Amino acid sequence: MTITTESGPRAAPFAGGKFLSFQLSKEEYGFDILKVREIIGVVDVTALPNTPAHVRGVLNLRGRIIPVVDLRQRFGMPSAEFTGETCIVVVDSGDETESSFRVGCIVDSVREVLSVDPDHFEGPPRCASGADAFVAGLAKLEDRVLILLDIAQVIGDIDPAALPQDGVG
């Protein structure tokens, strides 16, 4: 299968590194491990009015209020019952140069931490649906493809200033 990118063949979008892989439906996705703060079991969240459908609400994580996003809903996948493997991956949304905040992402299961060499990356495919906005790139593994997500794009419509303040400085 040939993947067409907007500008044809591109230089690797990543310098290589480690990624946390997780399952959503039948596909395997990944976050840059440097963005991952922790993984917790599914807990009750407090729903907020007038938020997008994929924002399940907020939770108090050791005195810090964080929004919780259902990645299945965000990506237009059918809902699924939570299992013993369903968890929340807490990630940082930005970097030192931006206003960063933490967000919890509900995933079906966490798989593993993978090291990926720079020559195993490809840029995001061009999709007519615009779904490629969430995809930072693809990692070609031995027997599968890992879809690497751009967390800033995935949670881009969440305004941290609109969330309840946590009182933590």
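**Exercise 1. The enclosed space**

Task: Determine how many cavities of 30 Å³ or more this predicted model contains, and describe the lining of the largest cavity.

Solution: The count for the predicted model comes to one cavity of 30 Å³ or more. As a next step, consider its volume: the largest cavity holds about 70 Å³ of space. Turning to the walls, we find that the lining of the largest cavity consists of Arg56, Asp70, Arg72, Ser79, Ala80, Glu81, Phe82, Thr86, Ile106 and Asp108. When these lining residues are sorted by character, three are nonpolar, two are polar and five are charged.

**Exercise 2. Aromatic pairs**

Task: Find how many aromatic pairs the whole structure has, and work out which kind of pair phenylalanine 19 and phenylalanine 121 form.

Solution: The search of the whole structure gives five aromatic pairs. For phenylalanine 19 and phenylalanine 121, the ring centres are 5.7 Å apart and the planes stand at 65°. Centres must lie within 6.5 Å for a pair, and planes over 60 degrees apart count as edge-to-face, so this pair is edge-to-face. Now place the two residues in the chain: phenylalanine 19 belongs to strand E1 (residues 17–24) and phenylalanine 121 to strand E9 (residues 121–122), so the pair ties together parts that are 102 residues apart in sequence. Finally, check the surroundings, where buried means under 20% relative accessible area: phenylalanine 19 has 4% and counts as buried, and phenylalanine 121, with 5%, is buried too.

Task: Classify the pair of phenylalanine 75 and phenylalanine 134 as stacked, tilted or edge-to-face.

Solution: The centres of these two rings are 5.3 Å apart and their planes are at 40°, so the pair is tilted. This pair also links distant parts of the chain, since phenylalanine 75 sits in the loop between helix H1 (71–74) and strand E6 (87–92), while phenylalanine 134 sits in the loop between E9 and strand E10 (135–140), 59 residues apart. Phenylalanine 134 has a relative accessible area of 17% and is buried. Both residues belong to a cluster that ring pairs form from Phe22, Tyr29, Phe31, Phe75 and Phe134.

**Exercise 3. The open sheet**

Task: Establish in which order the five strands of the open sheet stand, and which strands are at the edges.

Solution: The order is E3-E6-E7-E5-E4, with mixed pairing. Strand E3 (36–41) and strand E4 (55–61) stand at the edges with a single partner strand each, so one side of each has no neighbour in the sheet. From one strand to the next, the twist averages 30°. Within the sheet, strand E5 (residues 64–70) and strand E7 (residues 102–107) run parallel and are joined by three bridges; valine 68 stands opposite glycine 104 in E7.

Methods: Residues are numbered from 1 along each chain as its sequence is written. This is a predicted model: local features need pLDDT of at least 70, side-chain atom pairs count only at pLDDT 80 or more; totals for chains, interfaces and linings use all residues. Side-chain values use heavy atoms; hydrogens and water are left out. Rings of Phe, Tyr and Trp (its six-membered ring) pair if their centres lie within 6.5 Å; planes under 30 degrees apart count as stacked, over 60 as edge-to-face and the rest as tilted. Helices (H or I, at least four residues) and strands (E, at least two) are DSSP runs, numbered from the N terminus. Buried means under 20% relative accessible area, exposed over 50%, partly exposed in between (1.4 Å probe, protein chains only). Two strands pair if DSSP finds at least two bridges between them. Axes are lines fitted to C-alpha atoms, for helices over the stretch in contact, and angles run from 0 to 180 degrees between N-to-C directions. On a 1 Å grid over the protein atoms alone, a cavity is a set of points where a 1.4 Å probe fits but cannot get out, and a pocket is an open set with protein on both sides within 12 Å along at least five of seven lines; lining residues have an atom within 4 Å of a point. Grid points are joined across faces, edges and corners, and a volume is the space filled by probe spheres set on the points. Ala, Val, Leu, Ile, Met, Phe, Trp, Tyr, Cys and Pro count as nonpolar, Asp, Glu, Lys and Arg as charged, and the others, Gly among them, as polar.
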